[in-house]
Amino acid sequence: MKELRAKIVDIAKRRGIYWGAYEIYSGVSGFYDYGPVGALLKKNILDYWLEEFVYKDGLLLIDSPAIGPDSVYKASGHADKFTDYMVRCNSCGHAFRVDELIAEYTDNPDALSPEEINEIIQKHEIRCPDCNGEFGPVEEFHLMFSTKIGLDKLGFLRPETAQGIFVNFPTLYRVNREKLPMGVAQIGRAYRNEISPRQGMLRQREFNMAEIELFFDPETEFNKELLGDIVLPLKTMDGAELKLRAKDAYNSGIANGYTLYYMGKILRFLERVGIDISRVRFRQHHREELAHYSRDTWDCEILLSYGWVEAIGISYRGDYDLSRHMKYSGVDMRAFRKFGKEKIVQINKIVPRMELLGPRFKAMAMKIARAMEDMELTEEVSGTLRVEIDGRIYEVPEEAYEVISIEKKVTGERFVPHVIEPSFGIDRIVYAILEHSFYEREDSGYKVLRFAPQIAPVKVGVFPLMSKDGLDTIAMDILKMLRISGINAYYDDSGSIGRRYARADEIGVPYCITVDYQTKEDSTVTIRHRDTTEQKRLSRDNLRDLLRKLVLEELKFEEL
RNA sequence: GCAGGCGUAGUGUAGUCUGGCAGCACAAGGGCCUUCCAAGCCCUUAGCCCGGGUUCAAAUCCCGGCGCCUGCACCA
């Protein structure tokens with residue numbers, strides 16, 4: 001298996017798919033460049049992702065900034081949960097994670113403040129495990145990259161693209177004409193300052209994500225018709241491995257309906273982009289494994305040379321994110337749920353008597369009156385009323401207001417929507433495609449990447465059989481014609497024809513056109529199929545239309 | 001961050017122990033040849049991770065740094 005990894009790394013660098021970034025300065029782990037071939041591969045995957053997940057389901061695509069103020073990440077919980085405390089030994093300089101050092105002295109090392117940690121270290125005389133030296137003060141280590149916005153405002157690089165969607169919920173909800181369910185998608189880079197990233201492309205400090213937040217009303221029944229007969233490979237929290245039809249899984253209550261819906265879509269998507277879905281499963285997180293925001297998470301894992309690798313996560317985040325942003329920002333993030341029938345309810349309402357409030361409170365009178373009107377009267381109100389505005393308490397005497405009982409028509413109520421979040425690790429999918437589409441030909445031993453035509457970076461190679469006798473100029477004409485038509489094609493006249501096919505196979509070019517001597521007589525060319533090496537003759541005239549169909553996979557090579 | 005291993009053309013490696021002209025293969029570029037799956041011939045490009053030390057002389061020995069790999073830890 002290690003062998004395979006080495007071959008992928010080799011081919012990736014040699015042919016321009018990807019490589020470690022900043023090589024001339026000896027590299028920085030956790031950062032990668034996509035080369036000319038890889039950048040197109042990634043783009044094609046994302047284009048197809050848009051088709052499948054955004055256009056087909058009518059989602060809203062947005063694009064928000066990668067840098068956000070710390071207020072956003074305080075609200076999201078990342079500022080806390082993404083911080084580790086460390087101490088450094090004064091004599092040997094080694095750094096240690098605090099939670100490990102003090103684990104035996106406290107139940108919840110994660111909940112302590114730096115001061116409390118210092119206290120524990122002092123009290124129990126904890127010393128450096130390496131040299132028994134004394135520790136310096138507690139330092140913070142952020143898994144988020146921090147930066148300054150302007151002169152001194154603290155900012156973070158987003159550790160996920162999701163928050164850009166949550167903070168915009170009220171606007172998006174209106175744009176969507178206040179309808180749920182509402183799906184919002186975002187493609188972009190996210191950043192995590194991993195302590196020591198390994199595993200190549202699979203764990204990067206700057207990486208590409210495609211995320212969806214599907215907002216829905218938890219009280220509206222899920223439409224089962226959305227689930228097909230597709231069979232889902234599941235591994236549940238208690239370790240059971242099952243293959244269940246999506247509908248049956250829903251009936252058994254194993255997961256949320258939208259989670260199952262996305263599992264089905266993901267499986268079809270992965271198959272189409274070239275993943276062997278017999279090496280795919282959905283693994284449910286254990287409770288203690290869940291992220292701080294999650295109620296239930298299923299990882300879509302792909303079997304690679306590294307073992308089972310999480311490539312996509314489907315998280316049921318409940319109302320966590322919107323509730324937090326509502327609390328921290330003070331902005332109403334709720335949606336409206338209409339009742340089937342409108343209800344008539346009796347409510348008590350305070351009516352302020354302005355002629356008494358005015359003289360007494362002067363400029364504050366209007367504010368106090370509004371606050372009184374907005375009070376939720378759950379119990380009887382009488383006597384002096386205490387009204388709080390901006391932290392100050394105002395005492396309103398009994399005679400300055402009246403309580404009246406009125407009938408009110410209630411057509412619905414406000415609630416915080418729930419969220420299902422399918423989150424795609426694009427780089428992991430790209431890498432998985434490389435591993436799953438790589439093979440070596442039995443006869444010659446040379447290497448092939450079996451990319452699906454739709455995601456193949458280069459769709460067609462155009463070769464003159466001999467680079468003389470005018471074959472080269474005909475081939476160049478065909479190349480131009482294809483390029484003008486929006487088909488990514490390239491020309492190669494170097495070395496023998498076999499060598500050129502081999503080069504094309506290495507970067508997964510699905511079709512090769514060869515101009516030979518017969519072309520000069522009857523204007524036909526050969527087309528060669530990468531996966532079978534079979535060839536057919538086609539007329540030059542309908543080459544463009546046929547190739548288009550082949551690339552879109554509307555036509556198979558066998559049908560030519 | 002810890003422990004171990006490693007760092008030589010684009011890629012893979014020899015040379016390091018025992019200091020003395022840095023070699024091979026593949027790939028790439030040019031040319032000749034060639035009528036369909038990495039053919040052959042000629043030519044070319046291109047390298048000792050960085051810094052310091054020892055030495056007449058360092059890829060080789062010593063020190064420091066950086067990076068990569070494996071394991072541990074970490075992995076929202």
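V72 is buried, with a relative accessible area of 19%; buried denotes under 20% relative accessible area, exposed over 50%, and partly exposed the range in between, computed with a 1.4 Å probe on protein chains only. This is a predicted model, in which local features need pLDDT of at least 70 and side-chain atom pairs count only at pLDDT 80 or more, while totals for chains, interfaces and linings use all residues. Residues are numbered from 1 along each chain as its sequence is written, chains are lettered from A and ligands numbered from 1 in the order in which they are written, and side-chain values use heavy atoms, with hydrogens and water left out.

V72 belongs to helix α3, residues 70-75; helices (H or I, at least four residues) and strands (E, at least two) are DSSP runs numbered from the N terminus. Leaving out residues up to four places away in sequence, V72 touches Q163, V167 and H325, where contact means heavy atoms within 4.5 Å. Between the C-alpha atoms of V72 and L244, which stand 172 residues apart along the chain, the separation is 39 Å.

H325 leads to helix α11, residues 320-329, whose buried residues are Y320, D321, L322, R324 and H325. The elements that cover them include α3, α7 (162-166), α8 (169-175), β11 (206-216) and β16 (307-318). After α11 comes G330, which has a positive phi near 80°.

On a wider scale, chain A is divided into domain 1 (2-65 + 160-320), domain 2 (83-142), domain 3 (341-412) and domain 4 (458-559), with bounds from an automatic or database domain assignment. The centres of domain 1 and domain 4, taken over C-alpha atoms, are separated by 35 Å. Each side contributes to the contact, with 7 residues from domain 1 and 7 residues from domain 4. The area buried between these two domains is about 630 Å², and carbon and sulfur atoms give 42% of that area; buried area is the accessible area (1.4 Å probe) that two parts lose on being put together, summed over both. Within the area that domain 1 buries against domain 4, R15, V37 and R272 supply 61%, more than any other three residues.

Across this interface of domain 1 and domain 4 the rule finds 3 salt bridges, each a side-chain nitrogen of Lys or Arg within 4 Å of a carboxyl oxygen of Asp or Glu. The side chains of R15 and E506 form a salt bridge at 3.0 Å, N to O. On the side of domain 1 that touches domain 4, α1 (2-14) and α2 (36-55) each supply at least two residues, and α2 gives the largest share, 3 residues.

The largest nonpolar core has 78 residues, and W49, Y262, I266, L270 and F424 have the most contacts inside it. Such a core is a set of buried Ala, Val, Leu, Ile, Met, Phe, Trp, Tyr and Cys residues joined through side-chain atoms within 4.5 Å. Domain 1 and domain 4 both give residues to this core, so it lies between them. Beyond residues up to four places away in sequence, L270 touches I275, I277, V280, C300, I302, I312 and I429. A second, separate core of 22 residues includes V462, I487, Y511 and L550.

The last site is T519, in helix α17, residues 517-522. T519 is buried, with a relative accessible area of 4%. Apart from neighbours within four places in sequence, T519 is in contact with I474, T524, V525 and R537. A polar atom of the T519 side chain lies 3.0 Å from the backbone nitrogen of D516.

How values were computed
A polar contact is a pair of N or O atoms within 3.5 Å; within protein, one must be able to donate a hydrogen and the other to accept it, and residues adjacent in sequence count only if both atoms are side-chain atoms.
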